[in-house]
Every structure is written in structure tokens, then in C-alpha cells.
Amino acid sequence: MSGQSLLVPGEITPVRSVPGNIRRPEYVGKPAPTPYTGPEVQDADTVERMRVAGRIAAQAMEEAAKHIAPGVTTDQLDKVAHAFMVDHGAYPSTLGYRGFPKSLCTSLNEVICHGIPDSTVLRDGDIVNLDVTAYINGVHGDNNATYLCGDVDEESRLLVERTRESLNRAIKAVRPGRQINVIGRVIESYAKRFGYGVVRDFTGHGINSSFHSGLIIPHYDSPHATTVMQPGMTFTIEPMLTLGTHEYDMWEDGWTVVTKDRKRTAQFEHTLVVTETGAEILTLP
């Protein structure tokens, strides 16, 4: 694995502005969102609006990823994604969610998830996860992917490739009538082939008009994930695989989650709707 030094918090720039004509999620300006009490199964109109939100989120992530290169700061990536979403009439869902100060999450190397964009400079050999969610027309679309920065070592490159494959396999396992735990079973069994850890404490989630509806999608074979999938159900799958332990520490910022052994980790995510025969990905560019 890369012998690069471990990450430390950087300087965070002021909150970026969003034009007043762009609709905000209800949680902006509040300490926490109002708990979701609606259905997990969405009607056709909601799903269609989620396709739009998902497409914008996917395009914003792609646009930010074009700028990944040694010497670029994670704050610059945030600036690109923020501008793309705002220019397309969408609100960056993470901005102001439980006080999160930025418009996407940037998680490098040993950061599992929820890294805050700041003055941290990307280095040759880093792996960089971008997690982008867009809110438009009253619904959210959420996706993330891990990218290679410059010349990345083989162990890290394989981790990224296999984490992407674990998501693909999990999506193929989605079927109406199956329990949610089939998703985690597929991911965990694949990850075990390579001796990877599977993060347990951060999961996929239901998503619709709510950023996180309360539905939990574990990425390991959880005996508690017995909810049966139904057509129209919308949720994310976002496996987080590690080169070592699945255990974690959290930085003092209350957001940045790092592997306890500081070994590298990768993640991929799509928002899905369950169909009559499987799953449709809603976060396609």
C-alpha cells in the first residue's frame, strides 16, 4: 500500500451561497431533519422526479471528478460540484444537513465517508471518493464513486475496482419479494474473497423526499434486515470496503470517519428504485 502520510484536517472556506429561487430541503437551518413518516414505496411521479435529481447528482459528480489531479484541493472539487448543481436548479443536499458545511463529501485514502472539503491538497497516488446528492422538485438523488489520483499503487487500485464490482453485484441481487439482507450478503461474500473489511456502522438508506428515510440497507449479512423489497421502493446501496478492519474512529469535526487501522478504504453508491423484475439505477449521468 502507499506509504503516504496520514490525512489531517485542513482549513474550511466559508459556506457557498445558493440563489434564493432554488428550493431548500426542510432541514436547512435546523439542527436535524424532521423524521420521515411517509411510505418507502414511491409513486411514478416521485420516481420520475428522482430520476431528474439523480441525473443532476451524477453529472455534478462527473464534472467534479474531471478536476481530480495532484495539486488540486478538495475545496476546489466542492466548488465545481456546487456550481454545477446550482446552475441546474438543484440544491446540494449535504449543504446544511445537520450542519454539514459543504456541497459534497470528499473522502481520501483512509477516510471511510463524510470527509469535509477543505484546503487538503490531492497527492499523486491518492484515492478520492466524491459523494454528491442533489435536491430538486422536492426529492433527492444520491451517488458516490472512488477515483484514482495520478499513479495509484496496485493494492489500492484493486480495492477500488472490487468495491465498484461489489455494488454492481448487489444491484443485480435486488428483486421484489427478497429481503433487504440479500444485498449485504452478496457484498460481504464477495469482499471476503479478498480479505477486505466491510464497514458495518454506515449503511445505505431509504431516500425520496427525505434524504434519509429511516430504511437501513446494511452492506453485510445482517439478520435484522428482513424488510421485503417491493416495486417502487427507493433506496441507496453504497458498500464501503477496507484493506483492513471495518472498525473506525471519528475526527473531532464530528463528520470525518477514518479506518481505525488507517488502512485505505473505497466506496461506491447508486440510488435505485425496485422494479417488477429487479432494479433501475436512478443516478445515471
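This passage looks at one small group of strands and at two loop residues in a predicted model.

The strands come first. Strands of a sheet pair up through backbone hydrogen bonds, and they can do so in a parallel or an antiparallel way. Here, three strands make an open sheet in the order β9-β14-β15, and the pairing is antiparallel. At the edges sit β9 (234-237) and β15 (279-281), each of which has a pairing partner on one side only. Neighbouring strands of the sheet don't line up perfectly: on average they are turned by 35° against each other, with direction ignored.

Zooming in on one pair, β14 covers residues 270-274 and joins β15 through three bridges, again in the antiparallel sense. One residue pairing to look for is valine 273, whose bridge partner in β15 is glutamate 280.

Now for the loops. Most residues other than glycine have a negative phi. Arginine 98 isn't a glycine, yet its phi is positive, near 50°. This arginine 98 lies in the loop that runs between β1 (91-92) and β2 (105-108). Its relative accessibility is 46%, so arginine 98 counts as partly exposed.

Histidine 114 also has a positive phi, near 65°, and isn't a glycine either. Its place is the loop between β3 (111-113) and β4 (127-136). Is histidine 114 buried, partly exposed or exposed? Buried would call for a relative accessible area under 20%, and exposed for one over 50%. Histidine 114 comes out at 26%, and therefore it counts as partly exposed.

Key:
Residues are numbered from 1 along each chain as its sequence is written. This is a predicted model: local features need pLDDT of at least 70, side-chain atom pairs count only at pLDDT 80 or more; totals for chains, interfaces and linings use all residues. Side-chain values use heavy atoms; hydrogens and water are left out. Two strands pair if DSSP finds at least two bridges between them. Helices (H or I, at least four residues) and strands (E, at least two) are DSSP runs, numbered from the N terminus. Axes are lines fitted to C-alpha atoms, for helices over the stretch in contact, and angles run from 0 to 180 degrees between N-to-C directions. Buried means under 20% relative accessible area, exposed over 50%, partly exposed in between (1.4 Å probe, protein chains only).
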